[in-house]
Amino acid sequence: MARPLDGLQVVDFGQFLAGPVASLKLLDMGARVIKVENPDGGDLCRSHYVSDARIGTDSTLFHAINRGKESIALDLKSNEDLSIAHALVAKADIVIQNFRPGVIERLGLGYGAVRQMKPDVIYGTISGYGDEGCWAHLPGQDLLAQARSGIMWLSGNDGDGPVPIGLPLADLSAGTTLATALLGALFRRARTGEGALVETSLLEAAADVQFEMLTTYLNNGRRALKRLSSGSAHGYLSAPYGVFRTSDGYLALAMTPLGNLANVLGDPEIAKHDDPASSGFDRREQIHSRIEDHLRNRPAAVWEAEFCSRGIWCARVLTWDEMMETDTFRSLELVKTICEAAGAPSHFLRAPFKLDGDRPDVHGIGPALDADGLRIRTEIGRA
């Protein structure tokens, strides 16, 4: 099957997460991604271990984000290697970088310089906080961007203090945001022949994933969001909306009319006011407490079956193993196992979309450092 970006070449100077996430999205749509790495150890992600598991000698994190890419090792402070980088970008459709503001320009590979080499280039850049303001010089690191974005006050219960999202949300969102904007720029180039500079940052992406909450905040007098004392899930939605303890686990309830829930539980106190929307918000603590008193008496699966049969939106809170054992998850065929010539099989998640009924496949693990260097140098006449 022909993929949308077949034949397009991406040169990715990014490292760690945000930049490489963007190029991974493009790779899954058919682009060829050439990853430029420092000869001295390569991408920092190679040695950033999220657990004691590795694929070959590198972190599983590196392979998750760089599967299927090509690697060339270039010392961008060397005139010879910098000239090779120039030759690469001169043939690129898309260039991606996520250095601190000013670094790529000092290396002679900023947008202005690259545009001189390739006038219709689409150039994507991710910073921590943009290139202006008092944070512009600071490193773009996910946890720190979360801390500065206000997002840590959305999760957890009242009294918990700030709760970081348990995955690199700012990095992942920024990478996905950049990939989306790059596709828009590609479409414009196809119509007009114009290149583009596409810019985003961890802070912009972290703010964007909160757009629903921030819009509410800005339009209700900037009234502070209030988390529940237990089971909190959304500070601006009325009860029942949250996670409740059962006799053997947890159950999530979402956007259910209080009258329906009161009837199923046999507790009219839950919906005693005439305006369920208002009482559901003003009395969230009391309603959640009463609901949990009922749910603690039976297992989560029993409640889930009964509630679903009565039209109440709910779901058991599953572990990864429980999720992956469901026929629904298996039917999606999201997991791909790759067996290399040596070593244990490696498992990857495939792209989260299908094109004409087919899901893009995973064609290999992440590259060894400079694994494709000789071939790429030969292609551009620099071997």
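Let's start where two helices touch: Leu-261, Val-264 and Leu-265 in helix 10 meet Trp-303, Glu-306 and Phe-307 in helix 13. Sorted by class, the residues of this contact are five nonpolar, no polar and one charged. Keep in mind as you look around that this is a predicted model.

Now step back from the side chains to the helices that carry them. Helix 10 spans residues 258–265 and helix 13 spans residues 300–309; their axes come within 11 Å and cross at roughly 125°. That angle makes helix 10 oblique to helix 13, because an angle counts as roughly perpendicular from 65 to 115 degrees and as roughly antiparallel over 145. The crossing of helix 10 past helix 13 is right-handed.

A second helix pair is worth a visit. The axes of helix 6 and helix 7 come within 7 Å and cross at roughly 95°, so helix 6 is roughly perpendicular to helix 7. Here Asp-142, Ala-145 and Gln-146 in helix 6 meet Leu-169, Ala-170 and Asp-171 in helix 7. The residues of this contact divide into three nonpolar, one polar and two charged.

Helix 6 (142–149) and helix 7 (169–192) also lead us to the largest pocket, as each supplies at least two residues of its lining. Helix 1 (18–28), strand 3 (54–55), helix 2 (60–66), helix 14 (320–324) and strand 13 (346–349) each do so too. The space in this pocket comes to about 1,600 Å³. Which residues lie nearest the centre of the largest pocket? They are Leu-61, Ala-64, Ile-65, Phe-348 and Leu-349, out of 40 lining residues. By class, the lining has 26 nonpolar, seven polar and seven charged residues.

To finish, let's turn to the backbone, with two spots you may like to check in your viewer. As background, most residues other than glycine have a negative phi, and most peptide bonds are trans. Phe-16, though not a glycine, has a positive phi of about 65°. You will find Phe-16 in the loop between strand 1 (9–12) and helix 1, and helix 1 is one of the elements that help line the largest pocket.

The other spot is a cis peptide bond, with omega about 0°, that joins Ala-239 and Pro-240. Pro-240 lies in a loop as well, between helix 9 (211–219) and strand 9 (242–245).

Conventions. Residues numbered from 1 in each chain as written. Predicted model: local features only at pLDDT ≥ 70, side-chain atom pairs only at ≥ 80, totals over all residues. Heavy atoms only, no water. Axes fitted to C-alpha atoms, helices over the stretch in contact; angles between N-to-C directions. Helix = DSSP H or I, 4+ residues; strand = E, 2+ residues; numbered from the N terminus. Parallel < 35°, antiparallel > 145°, perpendicular 65-115°, else oblique. Left-handed = near helix turned anticlockwise from the far one by under 90°. Contact = heavy atoms within 4.5 Å. Nonpolar A, V, L, I, M, F, W, Y, C, P; charged D, E, K, R; others polar. 1 Å grid on protein atoms, 1.4 Å probe; cavity = no way out; pocket = protein on both sides within 12 Å on 5 of 7 lines; lining within 4 Å. Points joined across faces, edges and corners; volume = space filled by probe spheres on them.
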